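Visitor: I am new to this structure and should like to understand the terms applied to it. May I see it before we begin?

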Amino acid sequence: MIDTRISLEELNKRSPGTMAEAIGLEFIEICPEYLVAKIPVDARTIQPLGLLNGGASAALAETVGSTAAYLSVERDKYYTVGLEIKCNHIRPATKGSVTGKAIPIHTGKTTHVWQIEIRDDENKLICHSTLTMAVLEISEEMREKYKDLFFKV
């Protein structure tokens, strides 16, 4: 279950200086069952033919899925990192924005599997992604080095 005590504002404050900021990613909905983020289909996210770049879809899927996974673990003890991502690009997007919704398939003690569906403004499926995450213990060294990065429990 996703911890909804973290606000969308807090999630979006983590983006400066990251790929999420570069592609215009914004978290827009948080629920115990899923997390949603969107990106624009614009010069930051298209390829030369004017279509949403598959890498932008993968970045959206990885970001929303890995954030959802992190919000689903005991954050005073664990953090999550991506192990594998698979993206099936179903149809092109050429305008507006696309929205990625991360839903848990498996949330175990050492791994998570998340499904991310990316849809356009007309709710058409653009990309279906599966993300596997590792759940790792936070070392004291890491806790000190990144103390401002980890959300408080």
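Visitor: What area does the chain expose, and what share of it do carbon and sulfur atoms supply?

Guide: The chain exposes about 8400 Å², and carbon and sulfur atoms supply 52% of that area. Accessible areas come from the Shrake-Rupley method with a 1.4 Å probe; for residues, only the protein chains shown count as cover. The model is a predicted one, in which local features need pLDDT of at least 70 and side-chain atom pairs count only at pLDDT 80 or more, while totals for chains, interfaces and linings use all residues. Residues are numbered from 1 along each chain as its sequence is written, and side-chain values use heavy atoms, with hydrogens and water left out.

Visitor: How many helices and strands does the chain have, and in what pattern?

Guide: There are four helices and six strands; helices (H or I, at least four residues) and strands (E, at least two) are DSSP runs, numbered from the N terminus. Along the sequence they follow the pattern α-α-β-β-α-β-β-β-β-α.

Visitor: What makes the chain as compact as a globular protein of that length?

Guide: Its radius of gyration is 15 Å, close to the 15 Å that the globule rule gives for 153 residues, so the chain is as compact as a globular protein of that length. The radius is taken over C-alpha atoms, and the rule is 2.2 Å times the number of residues to the power 0.38. The C-alpha atoms fill a box of roughly 50 × 30 × 25 Å along the principal axes.

Visitor: Why is serine 66 called buried?

Guide: Serine 66 has 18% relative accessibility and therefore counts as buried, the term for under 20% relative accessible area (exposed is over 50%, partly exposed in between, with a 1.4 Å probe and protein chains only). Serine 66 lies in helix α3, residues 54–70, and touches Ala61, Thr80, Leu131 and Met133, leaving out residues up to four places away in sequence. Contact here means heavy atoms within 4.5 Å.

Visitor: Is threonine 45 buried or exposed, and where is it found?

Guide: Threonine 45 has a relative accessible area of 1% and is therefore buried. Its place is the loop between β2 (35–40) and α3. Beyond its neighbours within four places in sequence, its contacts include Ile23, Leu51 and Ala56. Of the 153 residues of the chain, 41% count as buried.

Visitor: Why is lysine 124 called partly exposed?

Guide: The relative accessible area of lysine 124 is 40%, so this residue is partly exposed. Lysine 124 is in the loop between β5 (111–120) and β6 (125–137), and touches Arg91, Ile118 and Arg119, not counting residues up to four places away in sequence. Lysine 124 and leucine 136 are twelve residues apart in sequence and 35 Å apart in space, C-alpha to C-alpha.

Visitor: What makes asparagine 123 exposed?

Guide: Asparagine 123 has a relative accessible area of 53%, and is therefore exposed. Asparagine 123 is also found in the loop between β5 and β6, and has a positive phi of about 70° although it is not a glycine.

Visitor: Why do cysteine 87 and cysteine 127 form no bond?

Guide: The sulfur of cysteine 87 is 4.3 Å from that of cysteine 127, its closest cysteine sulfur, which is too far for a bond. A disulfide is a pair of cysteine sulfur atoms within 2.5 Å. Cysteine 127 is accordingly in no disulfide, and a search of the whole structure finds zero disulfides. Cysteine 127 has 0% relative accessibility, so it counts as buried.
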